[in-house]
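Biologist: I would like to go through this model with you and hear the grounds for each label. Please set the value beside the cut-off each time.

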Amino acid sequence: GEGVSFVVPVYNKARHLPRVLEQIARQRGGFRRQYVFIDDGSTDGSLAILRDATRGWQNLVIESQPNAGSAAATNRGVALAREPFIKFVDADDLIGDHATAILLAALRDSDACLAYGEAVRYAEDDPLDLQIDTKAPPVVRLEAPLKAAIRNSMFNPTQFLARTDAVTAVGGCDERIVHSQEYGLTLRLARRCPFLRVDAPVAWLPREAPGRLSTNEGRQLQRVTR
């Protein structure tokens with residue numbers, strides 16, 4: 001059968017973690033699950049929240065390491081992933097109840113190595129419908145995604161599901177670029193195989209996330225250029 005490893009790097013996300021974990025636990029579908037959390041030297045109590053909130057979860061791995069950046073933390077998570085598919089989740093984003101099932105349905109019988117869905121930006125007090133179940137959403141195949149990937153960051157980690165063997169084969173994230181871990185990984189995978197774009201909302205991203213690196217456009221430009 002098929003299975004999914006949820007790989008979640010965590011660094012100072014105490015405020016967001018309870019809801020993030022709730023949505024990971026709420027994933028619908030009959031696939032096997034493994035949960036891999038890498039705490040990257042948090043100083044705000046994130047690790048204690050993580051351990052407490054996941055008590056009793058099956059197939060759970062929680063590792064803590066000195067702060068090394070999101071690329072290194074993600075790669076450690078990939079190394080611990082035991083299932084054939086990896087669902088990446090940023091620790092301040094929410095995944096819809098059916099997000100993993102929707103992406104898995106698109107990717108599993110395909111020769112593509114990655115499927116990604118749409119992101120919804122939300123403000124803190126917005127009412128959210130995370131139960132959207134998009135039956136058989138349109139899927140667009142990107143035969144040669146490298147050009148698109150170079151031109152623009154196509155998605156954030158929470159929007160995509162990838163084949164574990166493909167992620168491992170390309171060497172995971174480029175640790176020379178400490179943050180923007182998914183961008184380096186996207187470029188490596190885009191050279192190797194087609195992507196699938198699934199026209200369904202799968203990820204809800206907070207408009208305001210204190211400390212979120214993507215809100216600093218100068219830093220983003222610097223990393224993308226590297």
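**Labels and their grounds**

Modeller: Take Phe-37 as a start, a residue of strand 2 (residues 32–39). The model is a predicted one.

Biologist: Why is Phe-37 called buried?

Modeller: Its relative accessible area is 0%. Buried means under 20%, so Phe-37 counts as buried.

Biologist: Which residues does Phe-37 touch, not counting those up to four places away in sequence?

Modeller: Phe-37 touches Val-8, Leu-21, Ile-24, Leu-50, Thr-54, Trp-57, Leu-60, Val-61, Ile-62 and Glu-63. Contact here means heavy atoms within 4.5 Å. Phe-37 and Val-7 are 30 residues apart in sequence, with 6.1 Å from C-alpha to C-alpha.

Biologist: Ile-24 is in that list. What makes Ile-24 count as buried?

Modeller: Ile-24, in helix 1, has 0% relative accessibility. The limit for buried is under 20%, so the label follows for Ile-24. Beyond four places in sequence, Ile-24 touches Phe-6, Val-8, Tyr-35, Phe-37, Trp-57, Val-89 and Ile-95. The C-alpha atoms of Ile-24 and Tyr-35 are 8.9 Å apart, and the two residues are 11 apart along the chain.

Biologist: How do you know how helix 1 and helix 2 are placed relative to each other?

Modeller: Two packed helices are described by the angle between their axes and the distance between the axes. For helix 1 (residues 17–25) and helix 2 (residues 46–53), the axes come within 10 Å and cross at roughly 35°. The crossing is right-handed. Leu-17, Pro-18 and Leu-21 of helix 1 make the contact with Ser-46, Ile-49, Leu-50 and Ala-53 of helix 2.

Biologist: How many nonpolar, polar and charged residues are in the contact of helix 1 with helix 2?

Modeller: There are 6 nonpolar residues, 1 polar and no charged ones.

Biologist: Lys-13 is in the loop between strand 1 (3–10) and helix 1. Is Lys-13 buried or exposed?

Modeller: Buried: Lys-13 has a relative accessible area of 15%, and the cut-off is under 20%. Apart from its neighbours within four places in sequence, Lys-13 is in contact with Asp-44, Ser-46, Ala-91 and Asp-92.

Biologist: Asn-12 is in the loop between strand 1 and helix 1. Why is Asn-12 called partly exposed?

Modeller: The relative accessibility of Asn-12 is 27%. Partly exposed runs between the 20% and 50% limits, so Asn-12 has that label.

Biologist: What is notable about the phi of Asn-12?

Modeller: Most residues other than glycine have a negative phi. Asn-12 is not a glycine, yet its phi is positive, near 50°. Asn-59 also is not a glycine and has a positive phi of about 50°.

Biologist: What makes Asn-59 exposed?

Modeller: Asn-59, in the loop between helix 2 and strand 3 (60–64), has a relative accessible area of 52%. Exposed means over 50%, so Asn-59 qualifies.

Biologist: Which label does Ala-119 get?

Modeller: Ala-119, in strand 6 (residues 114–122), is partly exposed at 35% relative accessible area. Ala-119 and Ala-203 are 84 residues apart in sequence and 4.8 Å apart in space, C-alpha to C-alpha. Leaving aside neighbours within four places, Ala-119 is in contact with Gln-159, Ala-203 and Leu-205.

Biologist: Why is helix 4 (residues 99–107) described as largely enclosed by the rest of the structure?

Modeller: Because 7 of its 9 residues are buried. The buried residues of helix 4 are Ala-99, Thr-100, Ile-102, Leu-103, Leu-104, Ala-106 and Leu-107.

Biologist: Which residues line the second largest pocket?

Modeller: Arg-15, His-16, Arg-19, Val-20, Asp-92, Leu-94, Tyr-122, Ala-123, Glu-124, Pro-206, Arg-207 and Glu-208. By class, the lining has 5 nonpolar, 1 polar and 6 charged residues. The space in this pocket is about 200 Å³.

Biologist: And what of the whole protein: how many helices and strands are there?

Modeller: The protein has 8 helices and 9 strands. Buried residues make up 53% of its 226 residues. Among contacts between residues at least 6 apart in sequence, 84% join residues at least 24 apart.

Terms used
Residues are numbered from 1 along each chain as its sequence is written. This is a predicted model: local features need pLDDT of at least 70, side-chain atom pairs count only at pLDDT 80 or more; totals for chains, interfaces and linings use all residues. Side-chain values use heavy atoms; hydrogens and water are left out. On a 1 Å grid over the protein atoms alone, a cavity is a set of points where a 1.4 Å probe fits but cannot get out, and a pocket is an open set with protein on both sides within 12 Å along at least five of seven lines; lining residues have an atom within 4 Å of a point. Grid points are joined across faces, edges and corners, and a volume is the space filled by probe spheres set on the points. Ala, Val, Leu, Ile, Met, Phe, Trp, Tyr, Cys and Pro count as nonpolar, Asp, Glu, Lys and Arg as charged, and the others, Gly among them, as polar. Axes are lines fitted to C-alpha atoms, for helices over the stretch in contact, and angles run from 0 to 180 degrees between N-to-C directions. Helices (H or I, at least four residues) and strands (E, at least two) are DSSP runs, numbered from the N terminus. A crossing is left-handed if the near helix is turned anticlockwise from the far one by less than a right angle, and right-handed if clockwise. Buried means under 20% relative accessible area, exposed over 50%, partly exposed in between (1.4 Å probe, protein chains only).
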